[in-house]
Structure formats: C-alpha cells, structure tokens
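Got a minute to go through a model together? Have a look at the sequence and the fold first.

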Amino acid sequence: MSKKNKIYWSLGVTEKGTRALLTDENSKFKWLRSQRNRRVLVVLNLIGIVLVSLGSYYPVLKTNFNLNTETEILIYSVTAIFVIFLTLGAYSFLRVAVRGIADAPDELLDERQIQVRDSSFRYAYLAMGYIVLGLLLLMFFGPELQMFQPEGNDGSYLAIATMFAFASAPSLILAWRERDI
Amino acid sequence: MSRNSEEPVFNQIEQIRTAQGLSRQELADLVGVHYQTIGYLERGEYSPSLVLALRISKALNKEVSELFSLTEQKKGKK
C-alpha cells in the first residue's frame, strides 16, 4: 500500500478509507456486520427514505391540518432536517456494515467482492427504474394530490429522498442479500 | 455464489488448509483475497476463477485437481 492516500473522485472514496472498511481495522463496528443487524439497518434506511419523501406532502398537510403559524412551519422544518440527518446517519452505518463494497474500486476488491458488488448494482438499477417510474406517475398525478405547489414545498424532499435511494440502493441490496460481509 | 449454479464445484480447501495449520486470514493473505472469500469458497458457495484456483493450489502446494472437483470427495481424502 502506498503512503499517499489515493482519492477516487468518481466514487467519492479514498484508498485508506476503503481499506479501513474492508479490513477489520475498526473492530468497534464489527457488530453491525451480522446479517440480522444489516437487515435492521436496511429497514431503518428504507423508513428514513420514505419519511424524507413524505416531506413533499407538506402542502397537503398544511391544507388539511391548517398549519399556518410560523411556529408550526418551524417545527415542520426542524423535524424534516432532523429526519434527513437521521437518514444520513443510517446510511453511514449501512456503508460501514457492508464494508463500503458498493462504492469501492475494483483494484481494492477481490473477485468475489467485485461479483457481489456488480450483482447488487444490477438489482439497484432495476429498483431505481421502478422508483423513476413512480416519480413519473407522480408528475402526472401530483397536481391532483395537491403536491408541488409553489407555496411551501415544491417536491424538493422527494428529490432528496430519490438521491438517498440512488446512493444507497446497491448497499441496501448487498446488506440484505449477503450472508457474510 | 457459484459461477454455474447448475454444476457446483467441490473443494478440499478447508481440510488441506487446516491440515497445514493455516488460518483463513493467512490463506487469504497468501492468495490476495478477503478472508470472507475463503469462507465462501470452503462452503462451496463461491466457485473461484481459474487464476484464483491456481493461486490457492500454489499457496497450499497442491495440484488444482487435488483441490477442486465436479464430484463430491470424501472428507479426509487429501
């Protein structure tokens, strides 16, 4: 291993960081890697993504529950940011649980790891296809659901949730499917 | 995960490795893979590439045909 910490810009990872995850250097996170705990993390991540996407229903909530005061709007905003950071935290734990295999470059993985990573990307691609299809349907039916109104939220939480889904899908699939990581 | 799910590849890696007093981590370091991959190989859940099979046979000082086969070998046969 070279002393220089190589940065893989396209993957958003560094050589040292990836190697640290691939080995058991950080033994304090070993408990995360049991199949049961990985699956719990998958469920938590999915709940987080769904909750973040529900932020885009604010205009509906505002209309139905008469959220008008600044305090109510502040509570809503703080809650939304809190949920986003919780989801981000769950995603970080998920990456550690799967040793960062989904984001690792070929040269740092062995042939089996490359195979399971590529396989998880294939399923993630299919899953993202359904998510994009769902978003397209929302574009058609959104106005009827009173979403994407200029006042309040314009669908940005849905965009944030989609980014979470896009970034975490391969790791979610890896975490769920693999027996040992 | 076998490369060909219809035709499993059996191996003697675990028996030979333990007979030689090597841990999974030590064998993994010798052949340049993660130690979990050795576990997958030993359980027959992953079939190695030809390159990896040759590296393992070299590390264990055995012929590839002694390590891998298409028919199940009796345990203890080395």
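What follows is a short set of questions and answers on this predicted model.

Q: How many residues of chain A are in contact with chain B, and with how many residues of chain B?
A: Take contact as heavy atoms within 4.5 Å. On that basis the partners on the chain B side number 15 residues, and those on the chain A side number 13.

Q: What is the area buried between chain A and chain B?
A: The size of an interface is often given as the accessible area lost when the parts come together. Here carbon and sulfur atoms give 44% of that area, and the total buried between chain A and chain B is about 1300 Å².

Q: Which three residues supply 45% of the area that chain A buries against chain B?
A: No other three residues of chain A supply more of the area it buries against chain B. The trio is Glu111(A), Arg112(A) and Gln115(A).

Q: Which residue of chain A meets Glu45(B) in a salt bridge?
A: The rule finds 2 salt bridges across the interface of chain A and chain B. With a cut-off of 4 Å, the N to O distance of 2.7 Å for the Glu45(B) side chain qualifies. Its partner is Arg179(A).

Q: Which helix gives the largest share of the side of chain A that touches chain B?
A: That interface has 13 residue pairs in polar contact, both residues at pLDDT 80 or more. On the chain A side, the largest share is 5 residues, and they come from residues 111-141, that is, helix H5 of chain A.

Q: How many charged residues does the side of chain A that touches chain B have?
A: Sort that side by class and you get 3 nonpolar and 2 polar residues. The charged ones number 8.

Q: What pattern does chain B follow along the sequence?
A: Chain B has 5 helices and 2 strands. Read along the sequence, they follow β-α-α-α-α-α-β.

Q: How many residues of helix H3 of chain B are buried?
A: Across chain B, 42% of the 78 residues count as buried. Helix H3 (residues 35-42) is mostly covered, and its buried residues include Tyr35(B), Ile38(B) and Leu41(B). The count for the helix is 8 of 8.

Q: Which element of chain A do the buried residues of H3(B) pack against?
A: Within chain B, those residues pack against strand S1, helix H1, helix H2 and helix H4. From chain A, the element is H5.

Q: Which residue with a positive phi follows H3(B)?
A: Its phi is near 75°. The residue is Gly44(B).

Notes
Residues are numbered from 1 along each chain as its sequence is written. Chains are lettered from A and ligands numbered from 1 in the order in which they are written. This is a predicted model: local features need pLDDT of at least 70, side-chain atom pairs count only at pLDDT 80 or more; totals for chains, interfaces and linings use all residues. Side-chain values use heavy atoms; hydrogens and water are left out. Buried area is the accessible area (1.4 Å probe) that two parts lose on being put together, summed over both. A polar contact is a pair of N or O atoms within 3.5 Å; within protein, one must be able to donate a hydrogen and the other to accept it, and residues adjacent in sequence count only if both atoms are side-chain atoms. Helices (H or I, at least four residues) and strands (E, at least two) are DSSP runs, numbered from the N terminus. Ala, Val, Leu, Ile, Met, Phe, Trp, Tyr, Cys and Pro count as nonpolar, Asp, Glu, Lys and Arg as charged, and the others, Gly among them, as polar. Buried means under 20% relative accessible area, exposed over 50%, partly exposed in between (1.4 Å probe, protein chains only).
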